[in-house]
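Hi everyone, thanks for coming along. Let me put the structure up on the screen, and then we can walk through it together.

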Amino acid sequence: MTDVTQQGPLSPRGRRDMLSGAMLLPALALVSLFILAPAVYAIVGSFFEFTITSRNWVFVGFGNYVRAAGDPVFWTALRNNAFLIVGSAITQVGLGTILAAILDRGVRRGNAIYRTIIFMPVVVSSIAVAFVWILILDPNVGPLNAIVKSLGMRPPKLGWLGDPQISLWMLLVIAAWQNVGFQMILVLAGLQSIPKELYEAAALDGAKGLRAFRYITLPGIRNVLIVGTLITVVGGLKVFDLVFVTTGGGPANATQVLGTYSYLQAFRLGNMGYANAMSVVLLAIAVLFGWLQLRLSRKA
Amino acid sequence: MPSLQIDTVVKSYDSFTAIKGVSFTAEPGEFIVMVGPSGCGKSTLLRSIAGLETITSGAIRIDGRDITHAEPSDRGVAMVFQNYALYPHMTVAENMGFALKMAGRPKTEIAAAVAKAAKILRIEEHLHKTPKQLSGGQKQRVAIGRAITRAPDVFLFDEPLSNLDAALRSQMRVELGRLHAELKATMVYVTHDQTEAMTMATRIVVMNAGLIEQVGSPLDLYNRPRNRFVAGFLGSPRMNFIKGRIVAAGGRTVTIMAEGLTMPIQLQIEPDADVPAVGDVVTLGLRAETFGTGAPGQIAVPARVAVVESLGRETLIYADAGNLRTFDSESQDGYLAAHRSSQVMLRPGDPLTLSIDPAAFYLFDRNGETLRFPPVSS
């Protein structure tokens, strides 16, 4: 009997499984080629010392990780990443939520126009955004300096992006400008999925305004906020292009992040192994946040 | 048990007026059911009572206290919504106790009120569950429980049973009746389902196009509808309406001829109605259950069975009686609806004789106002 089933044509279920597998294959191949393989390569490479052109890989064990632990620039970069993560979570998710709430409740006319305008920077490439802001913040011809001067104040002497005290804050502003629209759309979708009747029931129960926000809105968009925060966190971790184009990590590493520092080590200084080790640290942190998000949203 | 007074309430949205000056009073402990077709303004009126809509003019009072401009939570009303409107992230107990929590009541008091309401509604075992773990009927019970916990002056129900299946709906009708008897509270209930209206109401308010057509007890409205709208709205199947013309009038008696009827009908006009003139177009109304069995004095109308609806112990027959057609009914194709309180072995196409007792006719004037009610049979 067993022979018959093995030699005969596939059962409908077997055929379905085969078909499902075949359809997954292209995606699996692409993920393997462009995500899994480089990740494995980076992890393996982090235990070696090599340059991009060298044939000889020298095994150093955890040497690269030890080196990172003792490298003050690594810690500066990590701290800057953390600053951008926390800052972005507050500005992007916070501001996105406020904008979404205003568009959901307060704005009656031109809702779609406002939404489009706020969302527009999301679809613009980070490089273009960076160049636009370089122009805006330019100490000689930038409109920001002109505005600040016209208000009777003094713009920073070293420029908005040249002053180590200000430059990271400016990156935070640029990132917020670029991404707040995305968070707004995300929260807006969440807000609009809350039935109107819930607010009416809450009004009858004595919860209006802030209390309705606390007891109805916030729990209603909890998962959306978790996802939004995670996206911001991951964005803050892997930020590269914006920093690379605007400040290149300077001045004096004031805006150095792990992305730009890894690039510097890998392609300018030829320390591929060390750069890999930093990337692996970044990956580990991202995986941790991903796991946290999964746990939180499952709990909800 | 406070009373609820609706005083010349008008509600307009820009150019559209949803409620056009409506007044009625729900006496203490009354179960008022507002019925009417979609868009008649019944839900808008209920929401205005709840404070979810701001009325354009008029006043709403509870026991003489003007609540027209009061916040929804300060009106002393609780509302049960059609889609339950339970807070999805809260447990049943938290849902039911939310209003008291917002009012800053102590936890022990909230727990006691929730437990009491849960006992009345027999949902004690569900208190720790969230709404998504409940069935439709259980959700509606929780929604009612949320209202009970608040111990409001007036309960408001906005089509609360329309999302339930037929069996559950009839069970909940009985439960709501029991609840009303137990709480002895003043309740206002909106529905488009006339069965709910007829079975639960102390008094029914029939609304149409933003106005009240008639207020009265269910049987009063059924037996003595003020106009053709109320006559047609209450009763299932719908009353048969037949076009007629006054051919003779003497004193308060008029003679009517209708196409398809072989003999003229003589009817006495009600004392408070105007007697129509000869030549006036009128409407004869006939309830489906009044078709007789062929007794002497009844008009025999030959017909053919068009549709048979067997409901078990009773049967609805839609009969094609040639020129004797009902108008004012889009779904009946002009067929006369007849009700038999027994099982009838008929099939479409079978011949049938409809016996009409002339005394069973309602008569409406050209404006739809009732000119004559048939005597109520016991």
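Let me start with a question: how do the residues of the lining of the largest cavity divide into nonpolar, polar and charged? The answer is six nonpolar, no polar and three charged. Before we go on, please keep in mind that this is a predicted model.

So let's look at that cavity. The count comes to one cavity of 30 Å³ or more, and its volume is about 60 Å³. Around the cavity you'll find residues from chain A, namely Ala201(A), Leu204(A) and Asp205(A). From chain B come Ala78(B), Met79(B), Phe81(B), Arg146(B), Ala147(B) and Arg150(B). The elements giving two or more residues to this lining are helix H9 (196-205) of chain A, strand E6 (77-80) of chain B and helix H4 (136-149) of chain B. H9(A) has the largest share of the lining, with three residues.

Next, the pockets. The largest pocket has a volume of about 650 Å³. It has 24 lining residues, and the ones nearest its centre are Ala42(A), Ser279(A), Val280(A), Leu282(A) and Leu283(A). Four helices of chain A each give two or more residues here: H2 (12-45), H11 (222-238), H13 (258-268) and H14 (272-299). Which of them gives the largest share of the lining? That would be H14(A), with eight residues. Sorted by class, the lining of this pocket has 19 nonpolar residues, four polar ones and one charged.

And where does the largest pocket lie with respect to the domains of chain A? Domain 1 (11-59) and domain 2 (72-299) both contribute to its lining, so the pocket lies between them.

The second largest pocket has a volume of about 490 Å³. Its lining is made of 22 residues, with Gln178(A), Asn179(A), Gly235(A), Gly236(A) and Val239(A) nearest the centre. The elements of chain A that supply two or more residues are helix H4 (72-106), helix H8 (167-192), H11 and helix H12 (241-246). By class, we get 11 nonpolar, nine polar and two charged residues. You may have spotted H11 of chain A again: it gives two or more residues to the largest pocket and also to the second largest pocket.

Let's stay with chain A and turn to a record. The unreviewed UniProt entry annotates "transmembrane region" at residues 21-44, 82-103, 112-136, 166-191, 212-237 and 274-294 of chain A. How do two of these spans look in the model? Residues 21-44 of chain A are 100% helix and 0% strand, and the end C-alpha atoms lie 29 Å apart. Residues 82-103 of chain A are also 100% helix and 0% strand, with end C-alpha atoms 30 Å apart.

Finally, please find strand E16 (residues 299-310) in chain B. E16(B) pairs with strand E19 (residues 351-356) of chain B in the antiparallel sense, over six bridges. One bridge to look for joins Ala303(B) to Leu352(B) in E19(B). E16(B) also pairs in the antiparallel sense with strand E17 (residues 315-320) of chain B, again over six bridges. There, Arg304(B) has Asp320(B) in E17(B) as its bridge partner. E16(B) and E17(B) form a hairpin, and four residues sit between the two strands. What is the phi of Gly312(B) in that turn? It is positive, at about 95°.

That's my tour, thanks for listening!

Terms used. Residues are numbered from 1 along each chain as its sequence is written. Chains are lettered from A and ligands numbered from 1 in the order in which they are written. This is a predicted model: local features need pLDDT of at least 70, side-chain atom pairs count only at pLDDT 80 or more; totals for chains, interfaces and linings use all residues. Side-chain values use heavy atoms; hydrogens and water are left out. On a 1 Å grid over the protein atoms alone, a cavity is a set of points where a 1.4 Å probe fits but cannot get out, and a pocket is an open set with protein on both sides within 12 Å along at least five of seven lines; lining residues have an atom within 4 Å of a point. Grid points are joined across faces, edges and corners, and a volume is the space filled by probe spheres set on the points. Ala, Val, Leu, Ile, Met, Phe, Trp, Tyr, Cys and Pro count as nonpolar, Asp, Glu, Lys and Arg as charged, and the others, Gly among them, as polar. Domain bounds come from an automatic or database domain assignment. Two strands pair if DSSP finds at least two bridges between them. UniProt positions are given in the numbering used here, feature names are shortened, and annotations may be inferred rather than shown by experiment.
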